[in-house]
Amino acid sequence: GQVSASESLIAYAQDYIQVNTSIESNNITLQAQNSIDTTPAVIISASSLNLISNRFGTNSVPLNLNATSLHINRLSGSINILESLGIGTSILLRGPPEFGSIQYNSSNNLTLDTAENGIFTAEGASISANSLYLYAYSSIGTDYLPLYIDVNSLELAYSQNSSIYIESYDSLTIRGTISAPQGDISLVSAQGNMDIDATVEASQGSILLRADNGQMSAFGTMRANSDYGTITFKAGYDLEMGGSYEASFMDFDPHTDGDLTISTVTEVSGDTTWSATGNINISANVTVNSGWAKFFADALDAAGTFDDGTGSFNQTAGTIHTPDDNIYIDGSGATVINNLTVDSGDGQSHIYIGNVTGNHTMTSITINGTVDSSITDGNIIINAGTGSIDTNDQSITAGSGTITLIADTIDLGTTADKISTTGSIVLKPTTTSCTIG
């Protein structure tokens, strides 16, 4: 037999709920302090199914659930998944006896909620769903054993009082909000790509985003602790980003091959070093508040050492602006600069292009926009080594700072008066006895 209700079915019990026949409704809520059980072959079906208890079925008789959106709310204790098993399109999750077992469809949207503790998976187990939502009082996963998931999208993860450690073996898509107000956040795609367009917040800790063997796109709003927290990006291949980022320090660790691209308006708070084994491509405004902006193309090889091969800095549009600190740009090959601006209320800020790290060689530097340190009277140093500099009739101004152009070939265009300072202008070749021209 089967019990059906067209709109809603709600049942509350002080101790337990025992379901002995299949039930179906558009919305079902079952709440019992101790347990929710069924007899074998019973199915609970709903578009929206909300189960609130401490134990959900048993290992011998799992709850058989058929729902578009499934919400499991454990009233006390952890949600600890010891075993997961795929049976066709169905997923069986088993916990310890005090949690029980549930079976549901992998296309379901799944919410796991525990008000008093954390959410964990054992080695070899994972949580599957279409969209996954996680609420926990304490930790979601641990630093030595993250929560393993296999989902189309991670829509929300919230740890009220601890940290979040989540890993997907394949590609990982993240939307919505990932928040750990009192801890750290680590999001890892072990073998696939990572696609983030979300709010990621660890206001008292740090954030790690890692796609060891894939590409990464990291858009949205990301905040770590502004005094000591870091945001670290580790991508095996290309990384594209844009949005708002706040941390004491933001760093990039490209360890295989790939370019770094900033394609939408980006605002950062804190010292930031963008680095890529390949090119750095910028086509939007980038502002770094309360810190330096460093851009190092051709930065690291697999051994972690600086290269001097291929990988150039290409700023085709937008303005890089640091209100409080210096701009540093380095790389190999042909370099293209659009607009660079520094200013500082409490001292000089400078612009350095080329030969910043001491082991890169720019074959050419082309200026297609304004390079300006006049507000802070900072120095501007543009160093192409034995290569060429083409100012392209663009404005280079330093207030009373020194402007230094270093290259064996320097083209000042037809309007050299656009290179202006009340300080010194220095033009010098790298090669001894070379005539600039």
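Start by selecting residues 35–38, strand β4: this strand pairs with β2 in the parallel sense over four bridges. You are looking at a predicted model, so please read every value on this tour as computed from it. Within this pairing, pick Gln18 and then look across to β4, where Asp37 is its bridge partner.

Now widen the selection to the whole sheet. β2, β4 and β6 form an open sheet of three strands in the order β2-β4-β6, with parallel pairing. Which strands stand at the edges? They are β2 (16–19) and β6 (55–56); each has a single partner strand, so one side of each is left without a neighbour in the sheet. As a reminder, strands of a sheet pair through backbone hydrogen bonds, either parallel or antiparallel.

**Zoom out: the whole chain**

Show everything as a cartoon. The protein has 43 strands and zero helices. Its radius of gyration is 28 Å, well over the 22 Å that the globule rule gives for 437 residues, so the protein is more spread out than a compact globule. If you align the view to the principal axes, the C-alpha atoms fill a box of roughly 95 × 40 × 35 Å.

Next, try a surface. About 16,900 Å² is exposed, and carbon and sulfur atoms supply 44% of that area. Buried residues account for 51% of the 437 residues. Colour by charge and you will find 10 positive and 45 negative side chains, with the centres of the two sets 6 Å apart. For a contact map, take residues at least 6 apart in sequence: 30% of those contacts join residues at least 24 apart.

**Stop at Asn73**

Select residues 63–74, strand β7, and find Asn73 in it. Is this residue buried or exposed? Asn73 has 17% relative accessibility and counts as buried, since the cut-off for buried is under 20%. Display its surroundings, leaving aside neighbours within four places in sequence, and you will see contacts with Leu51, Ile52, Ser53, Phe56 and Asp113. Phe56 may look familiar: residues 55–56 make up the edge strand β6.

**On to a hairpin**

Select residues 83–94. Strand β9 (residues 83–87) runs antiparallel to strand β10 (residues 90–94), and five bridges join them. Leu85 has Leu92 of β10 as its bridge partner. The hairpin has two residues between the strands, and there Gly88 takes a positive phi near 65°.

**A look at Asn130**

Move along to strand β14 (residues 127–136), which holds Asn130. Asn130 counts as partly exposed, at 25% relative accessibility. Its contacts, beyond neighbours within four places in sequence, are with Ser106, Ser107, Asn108 and Asn109, and also with Val151, Asn152 and Ser153. Draw a distance from Asn130 to Val151: the C-alpha atoms are 5.4 Å apart in space, with 21 residues of separation in sequence.

**Two backbone angles to check**

Before opening your Ramachandran plot, recall that most residues other than glycine have a negative phi. Ser290 is not a glycine, yet it has a positive phi of about 55°. You will find Ser290 in the loop between β27 (286–289) and β28 (293–296), exposed with a relative accessible area of 54%.

Where is Asn392? It lies in the loop between β38 (388–390) and β39 (396–397). Phi of Asn392 is also positive, near 60°, and this residue counts as partly exposed at 32% relative accessibility.

**Last stop: around β40**

Select residues 403–406, strand β40. Both of its faces are covered: Ile403 and Leu405 are buried on one side, and Thr404 and Ile406 are buried on the other. That fits a general pattern, in which side chains of a regular strand alternate between the two faces of the sheet.

Add the partner strands. Strand β37 (residues 380–383) pairs with β40 in the parallel sense over four bridges, with Ile381 opposite Thr404. Strand β43 (residues 425–428) also runs parallel to β40, joined by four bridges, and there Leu427 is the bridge partner of Leu405.

Finish on Ile419 in strand β42 (residues 419–420). Ile419 is buried, with a relative accessible area of 9%. Leaving aside neighbours within four places in sequence, it is in contact with Thr391, Ile396, Ile403, Leu405, Leu412 and Ile425. For a final distance, try Ile419 to Gln394: these residues are 25 apart along the chain, and their C-alpha atoms are separated by 8.0 Å.

Definitions and conventions:
Residues are numbered from 1 along each chain as its sequence is written. This is a predicted model: local features need pLDDT of at least 70, side-chain atom pairs count only at pLDDT 80 or more; totals for chains, interfaces and linings use all residues. Side-chain values use heavy atoms; hydrogens and water are left out. The radius of gyration is taken over C-alpha atoms; the globule rule is 2.2 Å times the number of residues to the power 0.38. Buried means under 20% relative accessible area, exposed over 50%, partly exposed in between (1.4 Å probe, protein chains only). Contact means heavy atoms within 4.5 Å. Accessible areas come from the Shrake-Rupley method with a 1.4 Å probe; for residues, only the protein chains shown count as cover. Lys and Arg count as positive and Asp and Glu as negative; His and the chain ends are not counted. The place of a charge is taken as NZ of Lys, CZ of Arg, CG of Asp or CD of Glu. Two strands pair if DSSP finds at least two bridges between them.
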